[in-house]
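Me: I've got a model open and I'd like to learn how to read its pockets and sheets. Can we walk through it together?

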Amino acid sequence: MSPFPDYPVPVDELQRLRSLERHDLHDHRKDPHLDRLLELATELLDAPIGLISLIDADRQWFIARQGIDLDETPRKMAFCAHAIASNGVLVVPDALEDPRFNTNPLVLEEPRIRFYAGAPLTSEDGHNLGTLCVIDRKPRQLSDQQIHLLERIAELAMREIEMRRQSLHCPITHLLGRQLFLQLGELELAHARERHTPLSLVILDIDNFRSINSRWGHRTGDEVLTKVADLCRSHVANQDLIGRVGDEEIAILLINSTDQQATWLAETLLEGAHHIGVSSFHNEQQIHLSGGVTTLSDTDSDFASLFQRATKASELARVNGRDQIVAMERQ
């Protein structure tokens with residue numbers, strides 16, 4: 001039996017963990033902007049210890065820290081694991097008087113936490129990924145104004161994290177870049193295997209995209225890319241992944257979707273593209289897509305296998321005359 005109380009699990013835990021993965025923070029490099037925000041929080045709140053922590057399935061780790069040498073702790077020991085379960089600031093005036101924490105090794109041993117205040121780091125999609133917290137070795141309280149200040153600094157820290165995430169996206173479509181799409185696809189493949197759920201991939205090519213750029217210019221090409229990306233976004237669930245994986249290629253990874261569902265979606269997007277209005281076209285030209293669809297097979301050794309099969313299917317759609325979807329069965 002654990003020597004200290006278990007932590008609460010947020011109601012959106014699976015979605016929260018997926019969002020955390022997609023922020024790509026496990027190998028987070030030192031960020032001077034986050035360090036300065038944490039230094040500001042500890043100075044303004046007169047706290048000897050400050051942390052910006054993230055909480056995954058079984059641990060918390062620190063992407064910025066002041067006054068402490070730890071890099072991570074088990075989740076069951078983390079005060080922040082309690083803070084992410086609500087949408088407000090968690091304040092613990094005296095951990096020795098709080099039954100949730102009075103047997104915690106972080107209280108009874110170094111760093112001997114007595115006071116804790118943590119504000120959730122809430123992502124743009126509404127999930128608490130971790131906290132910005134301040135810690136003291138003596139009991140104390142915060143005023144309402146200080147709590148509000150901690151919340152505001154946590155919001156600034158989350159904005160820095162979101163800006164780092166956006167740097168890995170296509171600047172035109174704001175879709176995932178190829179590298180991050182493939183990386184996150186590998187994680188989703190592992191989850192699908194663990195949970196025995198289907199996983200389908202659609203790759204769409206914008207037909208004659210180079211001709212569009214040549215005839216109407218790159219500004220029109222960017223407009224076509226953006227509108228096709230918006231069309232794709234409007235038809236997928238929040239859990240699905242969309243990336244720009246080539247000059248004219250958009251890939252959609254459909255979580256918990258069968259090949260029939262993926263093919264229906266691809267056909268829907270192909271038809272929807274015909275009705276996209278592009279200012280330079282003057283009704284002279286429609287947007288056409290060629291697409292490939294495939295579903296995870298037991299023989300797929302990695303995400304690259306799935307990706308290559310969908311790519312071959314999209315190439316076959318182009319060879320067969322474009323403006324069509326080809327579904328390639330699992331091997």
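Me: Which helices and strands each supply at least two residues of the lining of the largest pocket?
Reply: Rolling a probe the size of a water molecule over the atoms shows where empty space is left. Here, helix 1 (13-22), helix 5 (144-166) and strand 8 (241-244) each supply at least two lining residues, and helix 1 gives the most, with four. Helices (H or I, at least four residues) and strands (E, at least two) are DSSP runs numbered from the N terminus. Bear in mind that this is a predicted model, where local features need pLDDT of at least 70, side-chain atom pairs count only at pLDDT 80 or more, and totals for chains, interfaces and linings use all residues. Residues are numbered from 1 along each chain as its sequence is written, and side-chain values use heavy atoms, leaving out hydrogens and water.

Me: How much space lies in that largest pocket, and what sits closest to its centre?
Reply: A pocket is an open set of points on a 1 Å grid over the protein atoms alone, where a 1.4 Å probe fits, with protein on both sides within 12 Å along at least five of seven lines; lining residues have an atom within 4 Å of a point. The volume is the space filled by probe spheres set on the points, which are joined across faces, edges and corners. In this model it comes to about 630 Å³. Of the 22 lining residues, Arg22, Asp125, Arg165, Asn238 and Asp240 are the closest to the centre.

Me: Strand 8 helps line the pocket, so to speak; what is the strand order in its sheet?
Reply: Two strands pair if DSSP finds at least two bridges between them. The order is 8-9-7-10-11, an open sheet of five strands with mixed pairing. Strand 8 and strand 11 (325-327) are at the edges with a single partner strand each, so one side of each has no neighbour in the sheet. Strand 8 runs antiparallel to strand 9 (residues 249-255), joined by four bridges, and Arg244 stands opposite Ile250 in strand 9.

Me: Which helix lies across strand 8?
Reply: For contact, look for heavy atoms within 4.5 Å; for angles, lines are fitted to C-alpha atoms (for helices over the stretch in contact) and run from 0 to 180 degrees between N-to-C directions. Helix 6 (residues 178-195) lies across strand 7 (199-206), strand 8 and strand 9, at about 155° to strand 8.

Me: And how does the open sheet of six strands pair?
Reply: Its pairing is antiparallel, in the order 3-2-1-6-5-4. Strand 1 (residues 49-55) and strand 6 (residues 128-136) share six bridges, with Ile52 opposite Leu132.
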